[in-house]
Amino acid sequence: MKSRANISKIDRCNGLSQKAFYNKYVKTSLPVVITDKAEWTSSEKFTIEYLKSNYNHLSKTIDGKTYSLSEIIDLCQTSTPENKAPYPNTYDALRDFPENFGDLPEILYGKSNRLNSRLLSNFFAKHTNQHELFFGGYGCSFPTVHFDWLGVHSQITQIIGKKDVILYSPDQTPYFYPDKRHHHHSPVNILNPDYDKFPLFKNAKAVKTTLNPGETLFIPAGWWHTTYMHDFNLTVAISHVNSYNWNFFMDELYLNTKIHYPKLAWMVKIYKVVVGKMFNVKEALVN
């Protein structure tokens, strides 16, 4: 994968073909906002009233306190920077909202999303959050700057509200002092950095974009990012693995397996090579 530290803005595209998207952005590991492929976000199934009426049986425990979905939505609607709603509020989109997301097509992508293939063992795939639904409110932001776990690409579609996304290219990783055990997280508070403790962060160069309802941001694997919300927010994130982040994904999975299942770690290295070749052959048949 290539990285682009020198970009000053993120492209915003419409009418982009799948081939052009793949060649210009996926292959080159370059973020892009796609503005015309998520018309489904205007569905009546994604209104506050519909969600509260049909899914209030869902609950979420955050910092030791359990909330119903209606309570989560109410807190997000009244959130302010001084009195922020609990965050992150995440749900499994396919499990918890099957009527809403079960038939939605994944927005244009590469030749395949390997996470959806039967070739990928469920033991490996289950370690990723493949379809996440986020609720948030004004002043909420992701607690740490990070790249997505296991080196997946992310497809973030804004359904309700606006969200700022701040990104840094992978080659700036040394500036973020990654946690030794959870190396996809950084201890640097990018909004109020401590330069005495993290002097290299002075060299970091961010690019920022604002997502509006119906827009999708492609975040390539390894790009550091965080978010900030201006109002009530509903966002869905879909994880992707393809030929361009397969090695990254499997290497991250190996490190995780080595920590939690050390006797099985060797299997991941074999799986990476053998199944990777099987995917390559299968995808070579796709025009």
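Trainee: Which strands each supply at least two residues of the lining of the largest pocket?
Mentor: Strand 6 (131–136), strand 7 (153–160), strand 11 (224–229) and strand 12 (233–240) each do so. Strands are DSSP runs of E with at least two residues, and helices are runs of H or I with at least four. A pocket is an open set of points on a 1 Å grid where a 1.4 Å probe fits, with protein on both sides within 12 Å along at least five of seven lines; lining residues have an atom within 4 Å of a point.

Trainee: What kind of model is this?
Mentor: It is a predicted model, in which local features need pLDDT of at least 70, side-chain atom pairs count only at pLDDT 80 or more, and totals for chains, interfaces and linings use all residues. Residues are numbered from 1 along each chain as its sequence is written, and side-chain values use heavy atoms, without hydrogens or water.

Trainee: Back to the lining: which strand gives the most?
Mentor: Strand 12 does, with four residues.

Trainee: And how much space lies in that pocket?
Mentor: The largest pocket holds about 530 Å³. Its lining has 25 residues, and Glu132, Phe134, Phe142, His146 and Asp148 are the closest to its centre.

Trainee: New topic. Where is the cis peptide bond?
Mentor: It joins Tyr87 and Pro88, with omega about 5°. Pro88 sits in the loop between helix 3 (69–77) and strand 5 (89–92).

Trainee: What is phi of Asp63?
Mentor: Phi is near 50° there, a positive value in a residue other than glycine. Asp63 belongs to the loop between strand 3 (59–62) and strand 4 (65–68).

Trainee: Last one: how do helix 7 and helix 8 cross?
Mentor: The axes of helix 7 (residues 246–260) and helix 8 (residues 265–284) come within 9 Å and cross at roughly 160°, on a scale from 0 to 180 degrees between N-to-C directions. Helix 7 is therefore roughly antiparallel to helix 8, a term for angles over 145 degrees.

Trainee: Which residues make the contact?
Mentor: Among them are Trp246, Met250 and Tyr254 of helix 7, and Val268, Tyr271 and Phe279 of helix 8; contact means heavy atoms within 4.5 Å.

Note on methods: Grid points are joined across faces, edges and corners, and a volume is the space filled by probe spheres set on the points. Angles under 35 degrees count as roughly parallel, over 145 as roughly antiparallel, 65 to 115 as roughly perpendicular and the rest as oblique.
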